[in-house]
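Here is a brief report on one chain and its ligand. Please keep the sequence and the coordinates open while reading.

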Amino acid sequence: MQTTPPVALVTGASSGIGRAVALALVDAGFQVVGTSRNAANAEPLAGVTFLDLDVASDESVRALVEGVIDRFGRIDLLVNNAGVGAAGAGEESSINQTKNVFDVNVFGTIRMTNAVLPHMRARGGGRVLNVSSVLGLIPAPFMAIYAATKHAIEGYSESVDHELREHGVRVLLIEPAYTSTGFEANSLAPDSPLPVYAAQRDVSREVLATAMRHADDPAVVAKAIVAAATDSKPKLRYAAGSTATRVSVLRRVAPPRAFDKQIRKINRLAG
Ligand SMILES: NC(=O)c1ccc[n+]([C@@H]2O[C@H](COP(=O)([O-])OP(=O)(O)OC[C@H]3O[C@@H](n4cnc5c(N)ncnc54)[C@H](OP(=O)(O)O)[C@@H]3O)[C@@H](O)[C@H]2O)c1
């Protein structure tokens with residue numbers, strides 16, 4: 001029988017969604033390790049131990065997970081939250097930039113998952129919660145590279161979840177809609193901008209800025225994550241909040257032609 005509180009590891013806990021998640025997990029009774037690429041500079045959070053992590057580095061991931069196991073003895077919950085946005089048309093990001101975004105959002109998630117799984121399998125239990133996005137379900141013109149990373153997370157998570165259930169481990173998806181954080185400010189600008197896309201790129205930036213003004217509070221995502229971490233019968237997908245739920249339902253039930261038209265209208269694309 002478990003006598004000490006369960007241990008949660010939250011990547012990218014220095015700001016935004018990760019910070020709200022770390023706090024909510026402390027309130028839910030977890031011992032929480034939060035990570036940042038610069039843990040010494042992370043604003044302290046009561047009940048959260050901050051450690052260094054760059055999810056794009058094999059060595060950093062190995063050292064972090066080993067450190068947590070040495071200190072806490074186990075990892076019951078991994079929240080793969082660290083991520084970076086990328087704006088611009090698909091053609092405007094070099095392959096190098098595209099690889100860098102995948103290295104954080106996709107390979108970072110896979111690196112972390114692979115590093116914790118041996119410990120979870122050995123204990124016969126654990127949960128991995130991957131922070132996807134509604135942009136993992138629907139197209140995102142002028143955020144194509146970012147949307148591609150979140151679609152990849154969807155396919156990866158749903159597949160490994162089937163592999164791991166018999167080992168007592170679940171891999172679940174959290175799907176936030178636009179959430180009020182530093183995400184937009186921290187998003188990468190395209191490194192190979194093309195004049196042909198400049199006007200529509202500006203429109204898309206405005207569309208995103210407007211959406212961000214009505215964005216959910218990070219606490220909405222934190223609530224979904226606590227539910228995914230603690231539900232006795234967890235669901236594969238947790239849409240975070242009412243907007244995300246609406247998008248997810250529409251994606252499944254709306255006729256493709258109508259859905260396509262709506263995407264063009266929302267993004268103010270001609271035709
Ligand atoms: N905000 C939204 O509208 C929204 C919507 C749907 C999904 N999401 C997803 O939610 C997650 C959190 O984003 P956010 O909105 O909270 O944005 P944010 O405030 O920019 O937070 C991103 C976090 O990721 C960490 N990070 C970035 N690169 C990293 C790396 N190489 N290694 C380790 N950590 C790294 C940052 O930590 P350090 O800089 O301290 O290392 C930071 O704490 C992301 O996966 C994002 O895609 C966001």
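Is aspartate 27 buried or exposed? Aspartate 27 is exposed, because 11 other C-beta atoms lie within 10 Å, and a residue counts as exposed at 12 or fewer. Aspartate 27 sits in helix H1. In sequence, 243 residues separate aspartate 27 from alanine 270, and in space the two C-alpha atoms are 48 Å apart. One caution applies throughout: this is a predicted model.

**Overall build**

The chain contains ten helices and seven strands. Its C-alpha atoms occupy a box of roughly 60 × 40 × 30 Å along the principal axes. The radius of gyration is 19 Å, which agrees with the value near 18 Å for a compact globule of 271 residues. Of the 271 residues, 44% are buried. Contacts over long sequence separations are well represented: among contacts between residues at least 6 apart in sequence, 72% join residues at least 24 apart.

**Around the ligand**

There are 29 residues around the ligand, and Gly12, Gly16, Ser36, Arg37 and Gly83 come nearest. Two elements give two or more residues to this shell: helix H1 (16-27) and helix H6 (183-186). H1 gives the most, with three residues. By class, the shell has twelve nonpolar, 15 polar and two charged residues. H1 is also the helix that holds the exposed aspartate 27.

**A helix pair**

Helix H3 covers residues 95-105, and helix H4 covers residues 107-123. Two packed helices are described by the angle between their axes and the distance between the axes. For H3 and H4 the angle is about 30°, and the axes are 3 Å apart. The two helices are therefore roughly parallel to each other, since angles under 35 degrees count as such. On the H3 side, the contact is made by Phe102, Asp103, Val104 and Asn105. On the H4 side, Phe107, Gly108 and Thr109 take part. The contact divides into three nonpolar, three polar and one charged residues.

**Asparagine 130 and its neighbours**

Asparagine 130 belongs to strand E5 (residues 126-131). How many other C-beta atoms lie within 10 Å of asparagine 130? The count is 30, so asparagine 130 is buried. Leaving out residues up to four places away in sequence, asparagine 130 touches Asn80, Thr109, Ile153, Ser157, Val171, Leu173 and Ile174. Thr109 also appears in the contact between H3 and H4. Along the chain, asparagine 130 and methionine 143 are 13 residues apart, and 20 Å separates their C-alpha atoms.

**Two positive phi angles**

Most residues other than glycine have a negative phi, and most peptide bonds are trans. Phenylalanine 142 has a positive phi of about 70° and is not a glycine. Its place is the loop between E5 and helix H5 (144-164). Phenylalanine 142 is buried, with 24 other C-beta atoms within 10 Å.

Arginine 268 also has a positive phi, near 50°, and is not a glycine. Arginine 268 lies in the segment after helix H10 (256-266). Which is arginine 268, buried or exposed? Arginine 268 is exposed, because 12 other C-beta atoms lie within 10 Å.

**Partly exposed helix residues**

Leucine 164 is part of helix H5. Leucine 164 counts as partly exposed, because 19 C-beta neighbours lie inside 10 Å; a residue is buried at 20 or more. Not counting residues up to four places away in sequence, leucine 164 touches Val169, Arg170 and Val171. Val171 is also touched by asparagine 130.

Glutamine 200 is located in helix H7 (residues 195-213). Glutamine 200 counts as partly exposed too, with 16 C-beta neighbours inside 10 Å.

**Separations in sequence and space**

The table sets out C-alpha distances for pairs of residues.

| Pair | Apart in sequence | C-alpha to C-alpha |
|---|---|---|
| Aspartate 27 and alanine 270 | 243 residues | 48 Å |
| Leucine 164 and valine 253 | 89 residues | 29 Å |
| Glutamine 200 and tyrosine 238 | 38 residues | 32 Å |
| Asparagine 130 and methionine 143 | 13 residues | 20 Å |

Conventions
Residues numbered from 1 in each chain as written. Predicted model: local features only at pLDDT ≥ 70, side-chain atom pairs only at ≥ 80, totals over all residues. Near = placed C-beta within 6 Å. Helix = DSSP H or I, 4+ residues; strand = E, 2+ residues; numbered from the N terminus. Nonpolar A, V, L, I, M, F, W, Y, C, P; charged D, E, K, R; others polar. Rg over C-alpha atoms; globule rule 2.2 N^0.38 Å. Contact = placed C-beta atoms within 7 Å. Axes fitted to C-alpha atoms, helices over the stretch in contact; angles between N-to-C directions. Parallel < 35°, antiparallel > 145°, perpendicular 65-115°, else oblique.
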